[in-house]
Amino acid sequence: MFRGGWATLFAAAVSAAGLSLARVGNAELVSVPLERQAELLARVASYDRNMLLRAGSRVQVLILANDADPDSIGVARRMEAVLHSIPDIAGLAHDERIAPFSSASELARLCRAQHIAIVYFGSGFARDIPAIRQALDGADILTVAAVPDYVELGVVLGFDVLSGRPKLLVHLAQARRQHVDLRADLLKLARVFE
Amino acid sequence: MTALRRLGFAALGIAMALAHRSVHAEPTPELETLLDENIVTTASKSAETETTAPATSSTLTAEDMQRYGIHTLAEAINYLSLGAITFDPLFTAEIGARGVFLKGDQGNHFLLLVDGHTVNEQLAGSARFDHGLGVPIELIDHVEVILGPGSVLYGSNAMLGVINVVTKRAKYWNGAHLVGESEFGKSFRASAGAGTTFRLLRLPSELTVAFEYYRQKGPYFTFEPQLYGANDLVSGMPLRTRREGPPDGIWGGTAYRSYYSEVPAGQLRLVTGPFELSAHASTFKRSAPYESYLINRDSDFDSPDSYTIDRSLWFDLKHHAGLWEGVDLDSRVYLDSYDSRTFASVSRVSGCLHPGTLTCYKRETSVAQWIGAEVQATVDWLKTGHLVTLFGLDGRLRKFVFQQDVSDFDTGRPLADSQGIIRARDETLGAYLQQTWRPLRSLSLNGGARYDFDPRFSPVLSPRLAGSLGVWKGGSFKLVYAEAFRAPTWIETSLATSDVILADPLTPERVRSFEVSFDQRFGAQRLSMGAFRSSWQNLVELHPLSIDELKAAQAQGKLDLFKSVVWSQYQNIATIDDFGFTGTYEGSLDHDALRYGLNVTGSVARRNDRTGTERPIEVAPRFFGNARVSYDLPGDLPTVAVAAQFKSNALTDRSLDGGWPRTPIAPGQLELRATISGPVPGLRMLSYRVSADYAFSDRTPYVIGLHQTYYPTNRAYDTWYLAPVDTFRVTGGLQMDLLP
């Protein structure tokens with residue numbers, strides 16, 4: 001029979017509060033499962049008229065993780081594993097790797113130097129996105145966010161759950177600035193931010 | 001050419017045009033398939049696709065609720081969901097699923113959540129699925145209806161399933177929103193809400209808040225006169241069924257004053273960084289226009305003073321933390337307060353029994369307050385999402401008050417001491433563990449169990465095993481075995497009154513369920529079929545004692561035969577065996593402009609009691625479902641939609657214990673609803689919605705009035721009467737969205 005209920009309950013509550021408060025962070029919401037995000041990314045990339053030109057024979061995907069955020073590292077590693085199991089992106093073979101984020105300018109340099117076609121942001125970048133957006137202005141790259149809130153901040157593509165279903169989010173102005181030319185029939189399916 | 005042939009050609013032409021547009025419709029079917037599959041979070045407490053979720057589920061979206069003119073959760077369930085069904089006995093919506101419907105249950109076997117917070121009150125386990133839920137329909141983003149046992153993660157009450165009402169996030173409900181809606185001549189509803197995003201303490205934050213006021217009066221039903229057929233046993237006079245006039249022994253007439261309800265409610269959600277605070281307050285006052293053995297028992301006909309009022313207040317604070325890579329911790333604390341008072345004005349002398357009092361005013365008071373904490377850890381062992389363990393603890397401290405009182409209606413003077421008094425506190429604790437494993441991309445396995453401790457019973461274990469396998473493109477099989485329980489309520493374990501004997505030790509109700517389903521998606525089309533079998537045990541019922549049982553109870557000193565002629569006792573008395581099928585077809589064409597869906601459920605459920613008598617289940621239809629079709633006309637033209645819900649005929653709630661020589665059967669029901677909605681031309685901020693309902697049957701399966709059971713010696717009782725249906729309703733409303 002259950003005994004000592006008060007003690008157990010409050011011990012649990014206090015432990016929870018203690019553990020939680022010890023790691024207060026932004027806890028940015030990844031609402032669409034990563035498996036579904038990867039499948040959507042692979043399909044949506046084919047609606048970018050510049051993808052084939054940008055990627056060449058293989059799509060290079062850079063997955064960014066915020067080293068200071070355990071959530072971010074976890075999201076990045078899971079996305080890497082999931083993408084690895086996806087046969088193709090926009091009909092092309094692909095490679096993906098995780099990189100830590102240091103600065104927006106360094107990211108822009110890395111993308112140019114390594115012919116990156118897609119940058120995927122894990123969680124933990126809310127404060128960095130505005131600077132990254134500026135750094136990538138004029139670059140030829142598709143940026144994709146695990147966290148839907150990043151799209152409003154300037155990431156080109158994101159995913160959210162709306163009315164219980166996955167919804168594509170597109171920042172159209174930033175897409176143009178990064179030479180991402182998404183077809184109109186795709187935009188009809190997306191929630192578009194300007 | 002006949003009109004019918006012209007209609008046929010027109011339909012063919014439209015179909016060909018749509019098919020042509022569909023063939024030329026871009027995006028690829030693969031992308032449509034991915035975007036059309038629902039994401040559910042309730043079945044395993046994590047976001048996953050409907051295909052891999054360890055249960056049969058349906059998602060009722062805000063879009064569909066808007067386009068099909070849905071006003072309440074109960075309507076959404078009836079018109080849009082798979083496998084679940086509600087009835088409206090003109091008091092509080094009752095819910096059942098897949099052939100199991102427990103009369104007078106008030107949601108006790110379905111766990112209802114709002115944003116993950118359990119709203120079933122803890123004294124009697126009830127939940128409100130109608131306006132009494134107190135969440136404005138415009139604030140709901142979607143509703144996840146999870147069928148089958150769900151105690152593995154949620155504990156008690158999740159026997160028929162779990163329903164989670166998910167409210168909108170501020171960024172998709174930005175600005176201010178005003179709604180005015182009226183069911184012409186019967187009810188009106190006004191709501192005001194707002195959503196906004198901002199930064200608080202440098203953390204991204206959002207706030208959604210909504211208030212609603214709903215009031216209904218009427219329609220005025222006319223009930224056929226029911227003769228008591230004998231004099232009042234105590235007074236020797238004709239039975240008095242109303243306060244006014246001389247006693248005449250007749251129940252019935254037009255109820256002008258007693259069918260009403262009123263709900264003021266508010267709902268708030270504040271998210272700041274990793275914290276999320278939800279709060280809810282509501283009051284639900286309602287009165288039924290009739291009496292039965294479940295509602296307004298013995299009360300005067302058309303008395304506005306016979307009513308029930310519930311009040312609910314709760315807070316839920318959640319926090320999410322990523323502790324280490326692959327290790328997350330979610331914690332929450334919650335505080336709930338619920339009370340309910342039921343009043344009945346009783347003028348019949350045999351129901352009042354206090355000389356010199358014209359009308360007794362009976363009052364039943366229920367109070368439940370509870371505070372709880374839940375801690376849940378998730379460990380992603382491989383850091384790939386393929387092998388994830390979730391474990392948690394959920395503890396509650398609960399306090400209960402219950403009592404029955406009677407006073408003089410005119411003077412307010414108490415006529416007797418309080419009875420049925422329950423004053424109790426307890427602590428409950430649930431510990432759960434769930435392991436998910438995805439060894440292959442197409443294979444998903446889920447196993448888990450929850451152990452629940454309650455001081456009144458031995459601990460209860462609720463396991464679940466589930467697997468889904470993708471067999472080919474868009475096709476998948478799913479197998480689920482699950483168990484669930486319901487802890488007997490404090491009313492059931494502890495109530496003792498002048499006609500209810502204190503229960504002997506009760507054990508929790510149990511259900512075991514096995515189901516298999518197949519799901520095929522092709523583009524925006526989806527076909528799903530499933531079969532299920534469930535076995536219920538230890539069902540608790542208020543059992544009228546037989547002569548032998550009365551003698552035994554008297555010998556044990558448990559009752560005084562001179563205080564009442566009818567004695568009952570809560571007992572673990574029944575079992576149910578249930579099997580059947582479910583089917584769904586849904587999809588869209590023409591860039592989602594044309595949408596349609598069909599849900600059907602067929603089942604055979606048999607109830608057994610200790611005597612070995614096997615019977616069908618009362619009220620539950622064997623076949624039910626819904627169908628819908630809508631079309632979005634281009635531009636500012638409206639969306640037109642038609643929805644239907646149907647139920648086969650069923651036994652009434654007194655068919656088996658009423659004793660009638662001819663079994664009362666309630667007719668089947670087909671209810672149609674046509675809705676037109678869209679923006680007001682020239683006023684983008686204003687939109688409208690108008691719907692008309694027609695019900696083909698004017699009766700529900702609830703026996704009402706004096707004639708609840710058959711009396712062989714009283715010919716007046718040869719006939720029973722069923723609760724009426726408001727067969728035609730027209731509702732219209734305007735919504736103003738003021739964007740920032």
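## Strand 4 of chain A

Strand 4 of chain A, residues 142-145, is covered on both faces. Leu142(A) and Val144(A) are buried on one side. Thr143(A) and Ala145(A) are buried on the other. In a regular strand, side chains alternate between the two faces of the sheet. The model described here is predicted.

Strand 4 of chain A has strand 3 of chain A, residues 118-121, as a parallel partner over 4 bridges. Within that pairing, Ile118(A) stands opposite Leu142(A). Strand 4 of chain A also runs parallel to strand 5 of chain A, residues 157-162, and 2 bridges join them. Here Ala145(A) has Gly158(A) as its bridge partner. Helix 6 of chain A, residues 129-136, completes a right-handed β-α-β unit with strand 3 and strand 4 of chain A.

## The nonpolar core

The largest nonpolar core holds 161 residues. Met79(A), Ile118(A), Val119(A) and Val155(A) have the most contacts inside it. Ile118(A) is also the residue that faces Leu142(A) across the pairing of strands 3 and 4 of chain A.

Take Met79(A) in detail. Setting aside residues up to four places away in sequence, Met79(A) touches Leu34(A), Ala38(A) and Ile63(A). Tyr120(A), Gly122(A) and Ala146(A) are on the same list of contacts.

## Chain B overall

Chain B has 8 helices and 39 strands. Its radius of gyration is 27 Å, close to the 27 Å that the globule rule gives for 740 residues, so chain B is as compact as a globular protein of that length. Along the principal axes, its C-alpha atoms fill a box of roughly 80 × 70 × 55 Å.

Buried residues account for 50% of the 740 residues in chain B. Consider contacts in chain B between residues at least 6 apart in sequence: 66% of these join residues at least 24 apart.

## An open sheet and the helix across it

Chain B contains an open sheet of 5 strands. The strand order is 3-8-9-6-7, and the pairing is mixed. Strand 3 (56-61) and strand 7 (117-118) of chain B are the edge strands; each has a single partner, so one side of each is left without a neighbour in the sheet. Strand 7 of chain B pairs with strand 6 of chain B, residues 110-114, in the antiparallel sense over 2 bridges. Leu113(B) stands opposite Thr118(B) in that pair.

Helix 4 of chain B, residues 73-80, lies across strand 3, strand 8 (140-147) and strand 9 (161-167) of chain B. The helix runs at about 60° to strand 8 of chain B.

## Leu82(B)

Leu82(B) lies in the loop between helix 4 and strand 4 (84-87) of chain B. Is this loop residue buried or exposed? Leu82(B) is buried, because 27 other C-beta atoms lie within 10 Å, and 20 or more are enough to count as buried.

Beyond neighbours within four places in sequence, Leu82(B) contacts Ser58(B), Thr582(B), Thr584(B) and Asn599(B). The C-alpha atoms of Leu82(B) and Arg521(B) are separated by 17 Å, with their positions 439 residues apart along the chain.

## Strands 23, 24 and 26 of chain B

Strand 23 (residues 460-472) and strand 24 (residues 475-486) of chain B are antiparallel over 8 bridges. Gly467(B) has Leu479(B) as its bridge partner. These two strands form a hairpin with 2 residues between them. In this hairpin, Gly474(B) takes a positive phi near 80°.

Strand 24 of chain B also runs antiparallel to strand 26 of chain B, residues 509-522. This pair is joined by 12 bridges. Glu483(B) stands opposite Arg512(B) here.

## Phe581(B) and helix 8 of chain B

Phe581(B) lies in strand 28 of chain B, residues 568-589. Phe581(B) has 16 C-beta neighbours inside 10 Å, so it counts as partly exposed. Leaving aside neighbours within four places in sequence, Phe581(B) contacts Gly530(B), Ala531(B) and Gly602(B). The C-alpha atoms of Phe581(B) and Val516(B) are separated by 9.5 Å, and the two residues are 65 apart along the chain.

Helix 8 of chain B, residues 547-555, is hardly covered. Among its 9 residues, the count of buried residues is 0. Gly557(B) follows the helix, with a positive phi near 75°.

How values were computed: Residues are numbered from 1 along each chain as its sequence is written. Chains are lettered from A and ligands numbered from 1 in the order in which they are written. A nonpolar core is a set of buried Ala, Val, Leu, Ile, Met, Phe, Trp, Tyr and Cys residues joined through C-beta atoms within 7 Å. A residue is buried if 20 or more other C-beta atoms lie within 10 Å of its own, exposed if 12 or fewer, and partly exposed in between; C-beta atoms are placed from the backbone. Two residues are in contact if their C-beta atoms, placed from the backbone, lie within 7 Å. Two strands pair if DSSP finds at least two bridges between them. Axes are lines fitted to C-alpha atoms, for helices over the stretch in contact, and angles run from 0 to 180 degrees between N-to-C directions. A crossover is right-handed if, with the strands pointing away from the viewer, the path from the first strand over the helix to the second runs clockwise. The radius of gyration is taken over C-alpha atoms; the globule rule is 2.2 Å times the number of residues to the power 0.38.
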